Amino acid sequence: MAGVIKKMLDEIIAKRSNGNITMMNLTKTKLILKGLNPDKFSVTSEDDPAMIQKIRLAAQEMGVSI
Amino acid sequence: MNIKTSYSVNQNLDAAVKEICSGLNEIKPKAVLYFASSNFDPDKLSNKIQTALGDALVFGCTTSGEITSGKMLDNSVVAMGFNSKVIQDIKIEVLENITNDSKGAVEKAFKSFENHYGTLMSNLDAVKYVGIILVDGLSGAEERIMDRIGDLTNVPFIGGSAGDDLKFKQTHIFANGKAYSNSAVLALIKVGVPFDFIKTQSFKPLNKILTATKVNEASREVIEFNNRPAVQEYASALGIQTEKASEHFMTNPVGLMVGDDPYVRSPQQVNGQSMIFYCNVHEGTDLTLLQSDNIVEGTKKDLKEKEQEFGKFSGIVNFNCILRTLELKQKQQTDSYGQLFSEIPTIGFSTYGEEFVGHINQTATMLVFK
């Protein structure tokens with residue numbers, strides 16, 4: 001399987017920003033500062049279980065259900 | 001006039017307080033923000049300023065140098081008063097024992113803000129509200145606090161880490177007429193005028209990536225870059241001898257790039273083959289090697305661009321990294337830097353770290369009001 005990490009990160013950004021571009025950029029910056037850079041992953045990125053767990057935890061802390 | 005600044009270089013505490021406060025009371029301030037040299041007695045200073053300003057909500061912190069319109073100072077107090085046209089409402093919370101439970105402290109403060117404003121922090125309008133954070137600069141807690149703030153709200157928090165005139169012994173934040181250590185103060189403000197932010201750092205990215213492949217996040221230590229001992233790889237990227245690495249820390253920090261915008265991470269010291277930083281580096285992070293540029297010219301350009309986009313400034317609060325100040329002093333550019341703000345009501349201080357979205361280094365973060 002591949003692409004789950006990218007999908008999860010995009011979903012966090014979409015849900016936190018509600019389509020507001022400023023908030024999209026802000027959320028992306030927050031994720032990068034947490035060590036979760038959406039630009040480092042693509043639809044072909046391997047589904048690393050440790051990374052998926054890290055993103056799930058970040059989403060939970062940010063109050064986003066994914 | 002809705003924003004007014006004052007400052008005093010008087011070393012007598014009572015005289016300094018009198019000078020500061022007499023300059024501010026004429027606008028009947030709703031809130032006063034001040035930055036003071038750590039050479040003043042912190043408890044007495046906080047108590048006397050609050051007493052002198054009566055009903056105004058007063059907060060601030062100690063510094064490693066102060067900034068006011070047209071000047072960079074040492075051993076002074078600088079203050080900015082805001083009337084109710086600028087600050088429609090403000091609530092302050094002190095976070096204590098932040099080295100033990102910074103996340104819990106943020107959550108407790110946010111509950112108080114929610115009670116005060118009657119709105120969930122997650123629902124507050126980021127265009128109408130702004131947060132100011134002043135935090136003990138020796139606590140090492142800034143990343144955890146900023147991370148939790150960012151989790152819970154989209155309201156931007158901007159600020160700096162308190163200094164102690166480069167003694168590195170104890171810093172203080174001021175609120176409620178008291179002085180606190182191992183603490184942070186959060187101010188959540190409903191702003192009555194347009195506001196914006198400037199984040200400026202004078203560095204050019206070099207075409208060299210250092211990936212932090214082994215780190216100790218708790219101690220802000222990078223053990224390996226690119227799977228090699230950190231200091232060796234850093235030196236190799238710069239094309240210098242490993243023994244010379246620390247001589248380049250100020251001019252060649254690294255940046256966590258968000259697009260073209262670096263969030264600067266400054267190396268502090270070499271520890272064996274590892275490098276200790278002034279802020280946290282996450283494992284797996286790609287960092288771009290940076291080359292220092294002209295601080296005065298870079299700041300001037302960023303101020304001008306923001307003014308063209310935003311309009312004329314009625315006030316600036318400048319959180320300016322101590323490493324920038326040291327470089328400005330070394331290059332005898334403090335007057336030139338101060339002059340950038342000569343026409344604008346400005347206060348600021350030399351920080352032990354800057355806060356904006358996260359915790360950053362070698363940057364000036366500024367809150368600007370129209």
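**View 1. Strands β10 and β11 of chain B, with the sheet around them.** Strand β10 (residues 173-175) of chain B runs antiparallel to β11(B), the two sharing 3 bridges. In this pair, B:I173 sits across from B:Y180 of β11(B). Helices and strands here are DSSP runs (H or I over at least four residues for a helix, E over at least two for a strand), numbered from the N terminus, and two strands count as paired if DSSP finds at least two bridges between them. A word on ground rules: this is a predicted model, in which local features need pLDDT of at least 70 and side-chain atom pairs count only at pLDDT 80 or more, while totals for chains, interfaces and linings use all residues. Residues are numbered from 1 along each chain as its sequence is written, and chains are lettered from A and ligands numbered from 1 in the order in which they are written.

Zoom out a bit and β10 and β11 turn out to belong to an open sheet of 6 strands in chain B, ordered β1-β6-β2-β3-β10-β11 with mixed pairing. At its edges are β1 (3-8) and β11 (178-180) of chain B, each pairing on one side only. From one strand to the next, the twist averages 20°.

**View 2. Two helices on that sheet.** Helix α1 (residues 13-24) of chain B lies across β1, β2 (31-37) and β6 (77-82) of chain B, at about 165° to β1(B). Helix α2 (residues 42-53) of chain B packs on the sheet too, touching β2, β3 (57-63), β10 and β11 of chain B, and its direction makes about 140° with that of β11(B). For the angles, axes are lines fitted to C-alpha atoms (for helices, over the stretch in contact), and values run from 0 to 180 degrees between N-to-C directions. Contact means that the C-beta atoms of two residues, placed from the backbone, lie within 7 Å.

**View 3. The β5 to β13 sheet of chain B.** Here's another open sheet of 6 strands, with the order β5-β4-β23-β22-β26-β13 (chain B) and mixed pairing. Why do β5 (71-73) and β13 (195-200) of chain B each have one side without a neighbour in the sheet? Both stand at the edges with a single partner strand, so one side of each stays free of a sheet neighbour. The twist averages 15° from one strand to the next. Strand β4 (residues 66-68) of chain B pairs with β5(B) in the antiparallel sense over 3 bridges, and B:T68 faces B:K71 in β5(B). Helix α6 (residues 295-310) of chain B packs on the sheet, touching β13 and β26 (364-369) of chain B, with its direction at about 155° to that of β13(B).

**View 4. Helix α7 of chain B.** Helix α7 (residues 322-330) of chain B lies across β5, β22 (315-321), β23 (346-351) and β26 of chain B, running at about 85° to β22(B). Its buried residues are B:I322, B:L323, B:R324, B:T325 and B:L328. Buried means 20 or more other C-beta atoms within 10 Å of a residue's own, with C-beta atoms placed from the backbone. The buried residues of α7(B) pack against β5, α6, β22, α8 (334-339), β23 and β26 of chain B. After α7(B) comes B:Q332, with a positive phi near 55°.

**View 5. Where the two domains of chain B touch.** The assignment (bounds from an automatic or database source) splits chain B into domain 1 (3-200 + 296-369) and domain 2 (203-292). Their C-alpha centres lie 28 Å apart. Across the boundary, 10 residues of domain 1 of chain B are in contact with 9 residues of domain 2 of chain B. On the domain 1 side, α7 and β25 (358-360) of chain B are the elements that give two or more residues, and β25(B) has the largest share with 3 residues. By class, that domain 1 side has 2 nonpolar, 6 polar and 2 charged residues. Nonpolar covers Ala, Val, Leu, Ile, Met, Phe, Trp, Tyr, Cys and Pro, charged covers Asp, Glu, Lys and Arg, and the others, Gly among them, are polar.

**View 6. Chain A against chain B.** Chain A has 3 helices and 0 strands. 14 residues of chain B are in contact with 11 residues of chain A. On the chain B side, α4 (142-152) and β17 (254-258) give two or more residues, and α4(B) gives the most, with 3 residues.

How values were computed: Buried ≥ 20, exposed ≤ 12 C-beta atoms within 10 Å, placed from the backbone.
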